[in-house]
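Dear colleague,

Please find below the structure I would like to hand over to you. My findings follow it, set out step by step.

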Amino acid sequence: MGALWRSLTVAVATAALLAGTGAAVVLAQGEWAAPADAKAAKNPVKGIGGGKKSVETNCASCHGSSGKGDGPAASALPTKPADWTSAKVQAQTDGELFWKIANGRGAMPPWKHLPDKERWEIVNYIRTLKK
Ligand code: HEC
């Protein structure tokens, strides 16, 4: 559960920061959209490379081994992890998924520390799960 605690810590720190600046931002609520430039970013990487392995290590605990959002940790989360096979996820651009994976939101941890190439490979892997 290290990832969960890390994300909770980030959420608490963010909330404190927002309270400090008085910004009226709702955390982890409603539609989640990436900025336009992130949406338009082109995927420079072909193939899944180590994407599947990275997903098994980093994401399957929440998103499940087949990406349906039903991993063993999912039921303990306040928000249900996204179903990668769903139209909602598959309809997004590669750039949007890449940005969301980097930044996270609420119970979804940020994965900025993974190399860009690995995150694009994860996006390519998520594409192979399209129903
Ligand atoms: C600690 C649990 C957890 C882990 C680990 C996790 N996620 Fe998530 N993920 C979530 C939750 C919860 C959401 C829904 C967040 C929301 O809608 O606010 C989510 C949402 C998403 C979304 C969907 C965004 C959308 O448009 O709805 C993508 C894509 C995603 N995760 C990819 C990943 C990838 C790739 C990894 C591994 C590198 C990963 N996640 C690891 C919990 C997790």
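**Findings**

Read along the sequence, the chain runs α-α-α-α-α-α-α. Its secondary structure amounts to 7 helices and 0 strands. Please keep in mind that this is a predicted model.

Regarding the chain as a whole, 19% of its 131 residues count as buried. Of the contacts between residues at least 6 apart in sequence, 60% join residues that are at least 24 apart.

Helix H7 covers residues 116–127. Does its length agree with what is expected of a helix, or disagree? The expected span is 1.5 Å times one less than the number of residues, so the 12 residues of H7 should span 16 Å. The C-alpha atoms at the ends of H7 are 17 Å apart, which agrees with that expectation.

Several residues of H7 are buried, namely Arg119, Trp120, Glu121, Ile122, Val123, Tyr125 and Ile126. What do the buried residues of H7 pack against? Their partners are helix H3 (51–58) and helix H6 (94–103).

Helix H6 also appears in the surroundings of the ligand: H6, helix H1 (2–21) and helix H4 (60–63) each supply at least two residues of the shell. There are 27 residues around the ligand, and Cys59, Cys62, Pro81, Ala82 and Met108 come nearest. By class, this shell has 18 nonpolar residues, 7 polar residues and 2 charged residues.

With kind regards

Definitions and conventions: Residues numbered from 1 in each chain as written. Predicted model: local features only at pLDDT ≥ 70, side-chain atom pairs only at ≥ 80, totals over all residues. Helix = DSSP H or I, 4+ residues; strand = E, 2+ residues; numbered from the N terminus. Buried ≥ 20, exposed ≤ 12 C-beta atoms within 10 Å, placed from the backbone. Contact = placed C-beta atoms within 7 Å. Near = placed C-beta within 6 Å. Nonpolar A, V, L, I, M, F, W, Y, C, P; charged D, E, K, R; others polar.
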